[in-house]
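This report describes the architecture of one protein chain and its ligand shell. The sequence and the coordinates are shown first, and the discussion follows from them.

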Amino acid sequence: MLAHLDSTETLKEDILSEEPPEVDLVSEISGTRGLDEYAGDIDQDNRIYQGDNLDVMNYLITEEDMAGEVTLCYIDPPYAADHAFESRGGGRNDPTYKDSFEDAEYLEYLRERLVLIHELLSEDGSIYVHIGEEMMAHVKILLDDVFGRENYENTISRKKCHSKNSTKKRYGNVQDFIFFYAKNSDKKTWERPARPPNKEEKERAMKEYRYEEEETGRKYMKVPIHAPGERDGETGEPWRGMEPPEGKHWTYPPEKLEEMAEEDLIVFSGNGNPRKKVYYDQRDGVPVTDMWLDKRDYYNQQQAITGYPTEKNVELLERIVEASSNEGDLVFDAFMGSGTTLAAADTLNRNWIGIDKGDEAFEIVQERMQEGSGHSPFKMYKTR
Ligand SMILES: C[S@@+](CC[C@H](N)C(=O)[O-])C[C@H]1O[C@@H](n2cnc3c(N)ncnc32)[C@H](O)[C@@H]1O
């Protein structure tokens, strides 16, 4: 499909050979918490830019030397959905922004931007691309081309809203998608997120954790302390005169087993078979999979923070920021809209840069990043 296109390297060189725009500092905002309370990197300014993101990324790479500086990029670009979006309560501009492209034009527009994002990402960096059903298949192929199929991680299916009474002669659409790619899959920053269990999962867990400690009331289950395979080392040695069962070894060395027994973490069955206590309250939650049913958008729940028409759920962004970056890392959103990514990054002590071409987005983000607690200083720029 992409055989007719220039290689990503050629495309990148072509874009970066264009003169970058002039950029003016229009405001310096002090933030509600001082830099001394901020765990991010204070040598790295938090910034928002108003301008076309292709121009601004060209500027960041060629004038600010920022290639390889971004750990996490999240983008929620137009979906080529042929919509004109308006803010709730009436936009300051009419419409707030337009999302209408021909397919080929859309793909080239997005590809150019992905090539520059790839350049901005660090070796341990990653990108999340949020996309609707309209162009998701096409965008996956673009991402394979720019980032390499070997760096594809997941397609997250996200439930974006409850089902509505659709009059269309097709199934109602309640999901959108988030593609997750690494710059280099083996080196990526990532920590598995967990979530609280739902009612059904809790009920199932209560059946598994069916024992209760008399003194504390803590629920626990008993798990074997041996695993398949014989071992010559410490875990193959007897403990309290007991050999590991035939064809197995202890999961811990005898010294550790003794420690656990002294801490009352091992229980013995009637015939003396030892098992480890695993407590319900020590679980970190349920590991998050690629199906996200718990992060619907506020817009659909009438709880929006800014009222920007495509504002995403900030908890969705917090999950992504926590999973794919560490404190002090740089988080980037080239289609920032109402600044949800930046707000999540700021709360979680990451540095951030956002770009949007719209006047309304620029104003909303300025307000949003000054309000509430935990907001850090930032600079605002416009391209000429
Ligand atoms: C779907 S919205 C992003 C919403 C955002 N995730 C949020 O939570 O509010 C897409 C945004 O991209 C901006 N945009 C589209 N094309 C752009 C371009 N070439 N350069 C900069 N911004 C652009 C639009 O103005 C719009 O605000």
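How many bridges join strand β1 to strand β20, and do the two run parallel or antiparallel? In this predicted model, strand β1 (residues 23-29) and strand β20 (residues 378-383) are joined by 6 bridges and run antiparallel. Within this pairing, D24 stands opposite K382 in β20. Strand β20 also pairs with strand β2 (residues 47-50), in this case through 4 bridges and in the parallel sense. K382 appears again here, as the bridge partner of Q50.

**The two sheets**

These strands belong to an open sheet of 10 strands with mixed pairing, in the order β1-β20-β2-β19-β18-β3-β6-β8-β7-β17. Its edges are β1 and β17 (291-292), each of which pairs on one side only. Further along the order, β3 and β18 pair in the parallel sense over 2 bridges, with C73 opposite F332 in β18. Helix α3 lies across β3, β6 (121-131) and β18, and runs at about 145 degrees to β6.

An open sheet of 4 strands has antiparallel pairing and the order β10-β11-β15-β14. Its edge strands are β10 (211-212) and β14 (266-268), each pairing on one side only. Strand β10 is joined to strand β11 (residues 219-224) by 2 bridges in the antiparallel sense, and Y211 stands opposite Y220 in β11.

The strand pairs described above are collected here.

| Strand pair | Sense | Bridges | Opposed residues |
|---|---|---|---|
| β1 and β20 | antiparallel | 6 bridges | D24 and K382 |
| β2 and β20 | parallel | 4 bridges | Q50 and K382 |
| β3 and β18 | parallel | 2 bridges | C73 and F332 |
| β10 and β11 | antiparallel | 2 bridges | Y211 and Y220 |

In total, the protein chain has 10 helices and 20 strands. Of the contacts with a separation of 6 or more, 71% are between residues 24 or more positions apart.

**Two positions linked across the chain**

D45 is placed in the loop between β1 and β2. With 15 other C-beta atoms within 10 Å, D45 is partly exposed. The C-alpha atoms of D45 and K379 are separated by 7.2 Å, although these residues are 334 residues apart along the chain.

D333, by contrast, lies in strand β18. Is D333 buried or exposed? D333 counts as buried because it has 27 C-beta neighbours inside 10 Å, where 20 or more are required. Its C-alpha atom is separated by 5.4 Å from that of Y74, a residue 259 residues away along the chain. Apart from neighbours within four places in sequence, the contacts of D333 are Y74, I75, T341, L342 and G354.

**Enclosed helices**

Two of those contacts, T341 and L342, are among the buried residues of helix α9. Why is α9 (residues 340-347) described as largely enclosed by the rest of the structure? The reason is that 7 of its 8 residues are buried, namely T340, T341, L342, A343, A344, A345 and D346. These buried residues pack against β3 (70-75), α8 (314-324), β18 (330-333), β19 and α10 (359-370). After α9 comes N349, with a positive phi near 65 degrees.

Helix α2 (residues 53-62) has 8 of its 10 residues buried, and it is therefore largely enclosed by the rest of the structure. The buried positions are N53, D55, V56, M57, N58, Y59, L60 and I61. Their cover includes α1 (8-17), β1, β2, α3 (103-120), β19 (351-356) and β20.

**The nonpolar core**

Buried residues make up 34% of the 384 residues in the protein chain. In soluble globular proteins, nonpolar side chains tend to be buried together. Here the largest nonpolar core has 69 residues, and C73, L120, V129, L143 and F179 have the most contacts inside it. Helix α3 supplies the largest share of this core, 8 residues. Leaving out residues up to four places away in sequence, L143 touches L114, V129, F179 and Y181.

**The ligand shell**

Which of the 18 residues around the ligand come nearest? They are D76, F335, G337, S338 and T340. T340 is also one of the buried residues of α9. By class, the shell around the ligand contains 6 nonpolar, 6 polar and 6 charged residues.

Key. Residues are numbered from 1 along each chain as its sequence is written. This is a predicted model: local features need pLDDT of at least 70, side-chain atom pairs count only at pLDDT 80 or more; totals for chains, interfaces and linings use all residues. A residue is near a molecule or strand if its C-beta atom, placed from the backbone, lies within 6 Å of it. Ala, Val, Leu, Ile, Met, Phe, Trp, Tyr, Cys and Pro count as nonpolar, Asp, Glu, Lys and Arg as charged, and the others, Gly among them, as polar. Two strands pair if DSSP finds at least two bridges between them. A residue is buried if 20 or more other C-beta atoms lie within 10 Å of its own, exposed if 12 or fewer, and partly exposed in between; C-beta atoms are placed from the backbone. Two residues are in contact if their C-beta atoms, placed from the backbone, lie within 7 Å. A nonpolar core is a set of buried Ala, Val, Leu, Ile, Met, Phe, Trp, Tyr and Cys residues joined through C-beta atoms within 7 Å. Axes are lines fitted to C-alpha atoms, for helices over the stretch in contact, and angles run from 0 to 180 degrees between N-to-C directions.
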